[in-house]
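Me: Please take a close look at a single part of this model and connect it to the rest of the chain. Keep the account plain, and give the cut-offs for the terms you use.

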Amino acid sequence: VWSIKVNNTEITSGGQDITYEITEDQLQYIESDYIEAGKIAPDGQATFDIVIDPTNTDVSIVYEIDVKSDTTANANIELLSVESYFQKDGETEKITNETVNQEGNIYTGVIPINIINQAYKNYITLKFKWVNIEENNQTDSVLGETEGETLSVPVAIKLKQYTGEGIGNEP
């Protein structure tokens, strides 16, 4: 059986690609002395959460999250870090996902069948930085000062059955 939800979106077939357009209202901003609260600007940082719910699946899963920052208009977005853990609904205990690999803006992880069988979900937090590039100051200002202008970051997620292939950092 293959029944997976990503941020409450049902995924019906293995190998299916999902693309999210992360918009400013979905980001959690990290406070800065130099940037207005609830806003992002060059040198600002923010996080975005992804929840993979495989509880109705009968196989291990490998997923790839690709932060497509090279297609982000008017901003140089860099993926700084990824936190990944397993947790059951209503519980506080977290189990770190050790079977992960990050290369640049691509993050790969595995959800083993023994975790799935225990009804754990995989929680992933992506931490971003808007890299300040002096040559972009005029464009950045237009983005920040224009009513209705927003920054978005495309994120593609690919899921498929995990069959034991190496991903880089297996324990």
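Reply: The chain has 2 helices and 12 strands, where helices (H or I, at least four residues) and strands (E, at least two) are DSSP runs numbered from the N terminus. Along the sequence their order is β-β-β-β-β-β-β-β-β-β-α-β-α-β. This is a predicted model, in which local features need pLDDT of at least 70 and side-chain atom pairs count only at pLDDT 80 or more, while totals for chains, interfaces and linings use all residues. Residues are numbered from 1 along each chain as its sequence is written, and side-chain values use heavy atoms, with hydrogens and water left out.

The pLDDT, the predictor's confidence in each residue from 0 to 100, averages 80 over the chain, and 80% of the residues score at least 70. Confidence is lowest in strand β3 (residues 17-23), with a mean of 68, and highest in α1, at 94. Of the 171 residues, 41% count as buried; buried means under 20% relative accessible area, exposed over 50% and partly exposed in between (1.4 Å probe, protein chains only).

The part chosen here is strand β11, and Thr125 is a place to begin. Thr125 lies in β11, which spans residues 121-131. Thr125 is buried, because its relative accessible area is 18%. Its side chain makes a polar contact with the side chain of Asp49, at 2.7 Å. A polar contact is a pair of N or O atoms within 3.5 Å; within protein, one must be able to donate a hydrogen and the other to accept it, and residues adjacent in sequence count only if both atoms are side-chain atoms. Setting aside neighbours within four places in sequence, Thr125 is in contact (heavy atoms within 4.5 Å) with Thr47, Phe48, Asp49, Ser81, Val82 and Glu83.

Glu83 belongs to strand β7. Glu83 counts as partly exposed because its relative accessibility is 43%. Outside residues up to four places away in sequence, Glu83 touches Tyr123, Ile124 and Thr125. The C-alpha atoms of Glu83 and Leu126 are 6.8 Å apart, with the two positions 43 residues apart in sequence numbering.

Ile124, beside these, has contacts that include Phe48, Ile50, Ile52, Tyr63, Ile65, Val82 and Tyr107, again not counting residues up to four places away. Ile124, Leu126 and Phe128 are among the residues with the most contacts inside the largest nonpolar core, which has 33 residues. Such a core is a set of buried Ala, Val, Leu, Ile, Met, Phe, Trp, Tyr and Cys residues joined through side-chain atoms within 4.5 Å. At least two residues of this core come from each of β1 (4-6), β5 (45-53), β6, β7 (76-87), β10, α1 (113-117), β11 and β12.

Further along, Lys129 also lies in β11. Lys129 is partly exposed, because its relative accessible area is 24%. Beyond four places in sequence, Lys129 is in contact with Asp43, Gly44, Gln45, Asn76, Ile77, Glu78 and Leu80. From Lys129 to Ile40 the C-alpha to C-alpha distance is 9.1 Å, and the two are 89 residues apart in sequence.

One other contributor to the core is β6 (residues 61-67), with 6 of its 7 residues buried. β6 pairs antiparallel with β10 (residues 106-111) over 6 bridges, pairing being at least two DSSP bridges between two strands. There, Val62 stands opposite Val110. β6 also runs antiparallel to β12 (residues 152-161), joined by 7 bridges, with Val67 partnered by Val155.
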